Amino acid sequence: MPYEKSCGAIVFRKYHGNTELLLIKHTAGGHWSFPKGHVEQDETEEQTALREIKEETAIDVEICPGFREVVTYSPKRDVMKDVIYFLGKAKNYNYVPQESEIAQVQWVEINLAHSFLTYDNDKQLLTRARPLIRDLF
């Protein structure tokens, strides 16, 4: 069975006293999720996450230690995929969507993020990340 691997991050910022998350809406399928993408040759997981976030949103991120979660699912018949997620603190806030893949980028208050996220595995991931994000502020 073919195997795919992607890496990304739950990107956050503090803005006017609120914790906000960077969410993306994909052009293919129109689902809301966290920025992520495929590992390229000789990249570490962290390098992949940083590159993909920058490519998809133009946001630079600092990876926070202590959070690495693996989400496994089947994106299509007979294919298994692992997505490695980190926590990332945004270094800049002005995003530019990658026109070829991203329909929309939005900063969303953390308490509203569940209502944006399309897939249950992303909602569960956020539930696991929330205490750590809270501790970082």
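Tutor: Helices (H or I, at least four residues) and strands (E, at least two) are DSSP runs, numbered from the N terminus. H26 lies in strand β2 on that basis. This is a predicted model: local features need pLDDT of at least 70, side-chain atom pairs count only at pLDDT 80 or more, and totals for chains, interfaces and linings use all residues. Numbering starts from 1 along each chain as its sequence is written, and side-chain values use heavy atoms, with hydrogens and water left out.

Student: What does the secondary structure of the protein come to?

Tutor: Three helices and seven strands. Along the sequence, the pattern is β-β-β-β-α-β-β-β-α-α.

Student: What does the radius of gyration say about the protein?

Tutor: The radius is taken over C-alpha atoms, and the globule rule is 2.2 Å times the number of residues to the power 0.38. For 137 residues, a compact globule would come out near 14 Å; the protein has 14 Å, so the two agree. The C-alpha trace spans about 45 × 30 × 30 Å along its principal axes.

Student: What share of the residues is buried?

Tutor: Buried means under 20% relative accessible area, exposed over 50%, and partly exposed in between (1.4 Å probe, protein chains only). In the protein, 44% of the 137 residues are buried. Two strands are mostly covered. In β2 (residues 18-26), seven of nine residues are buried. In β6, nine of 11 are buried.

Student: Now the sheet. Which strands pair with β2?

Tutor: Two strands pair if DSSP finds at least two bridges between them. β2 has antiparallel links to β1 over four bridges, to β7 (residues 102-109) over seven, and to β3 (residues 32-33) over two. Use single bridge partners to fix the register. F12 is matched with L21 in β2. I24 has S33 of β3 as its partner. H26 faces I102 in β7.

Student: And which strands pair with β6?

Tutor: Strand β1 (residues 3-15) and β5 do. β1 runs parallel to β6 over 10 bridges, with I10 opposite L87. β5 runs antiparallel to β6, also over 10 bridges, with T72 opposite D82.

Student: How many residues sit between the strands of each hairpin?

Tutor: Take them in sequence order. Two residues separate β1 from β2, and H16 in that turn has a positive phi of about 50°. Five residues separate β2 from β3, where G29 has a positive phi of about 90°. Six residues separate β5 from β6, and D78 in the turn has a positive phi of about 65°.

Student: Zoom in on G88. Is it buried or exposed?

Tutor: G88 lies in strand β6. Its relative accessible area is 0%, so G88 is buried. Next, look at its contacts, meaning heavy atoms within 4.5 Å. Beyond its neighbours within four places in sequence, G88 is in contact with A9, I10, V11, F12, V61, E62 and I63. Its C-alpha atom is 9.8 Å from that of L22, and the two residues are 66 apart along the chain.

Student: What share of contacts in the protein join residues at least 24 apart?

Tutor: 70%, counted among contacts between residues at least 6 apart in sequence.

Student: Why does H26 count as buried?

Tutor: Because its relative accessibility is 11%. H26 touches H31, S33, K36, E101, I102 and A103, with residues up to four places away in sequence not counted.

Student: How much space lies in the largest pocket?

Tutor: On a 1 Å grid over the protein atoms alone, a pocket is an open set of points where a 1.4 Å probe fits, with protein on both sides within 12 Å along at least five of seven lines; lining residues have an atom within 4 Å of a point. Points are joined across faces, edges and corners, and the volume is the space filled by probe spheres set on them. Here the largest pocket holds about 460 Å³. Its lining has 22 residues, and H26, H31, K36, Y73 and K81 are the closest to the centre.

Student: Which elements supply at least two residues each to that lining?

Tutor: β4 (36-38), α1 (45-57), β5 (61-73), β6 (80-90) and α3 (120-136).

Student: How does the lining divide by class?

Tutor: Ala, Val, Leu, Ile, Met, Phe, Trp, Tyr, Cys and Pro count as nonpolar, Asp, Glu, Lys and Arg as charged, and the others, Gly among them, as polar. The lining has seven nonpolar, nine polar and six charged residues.
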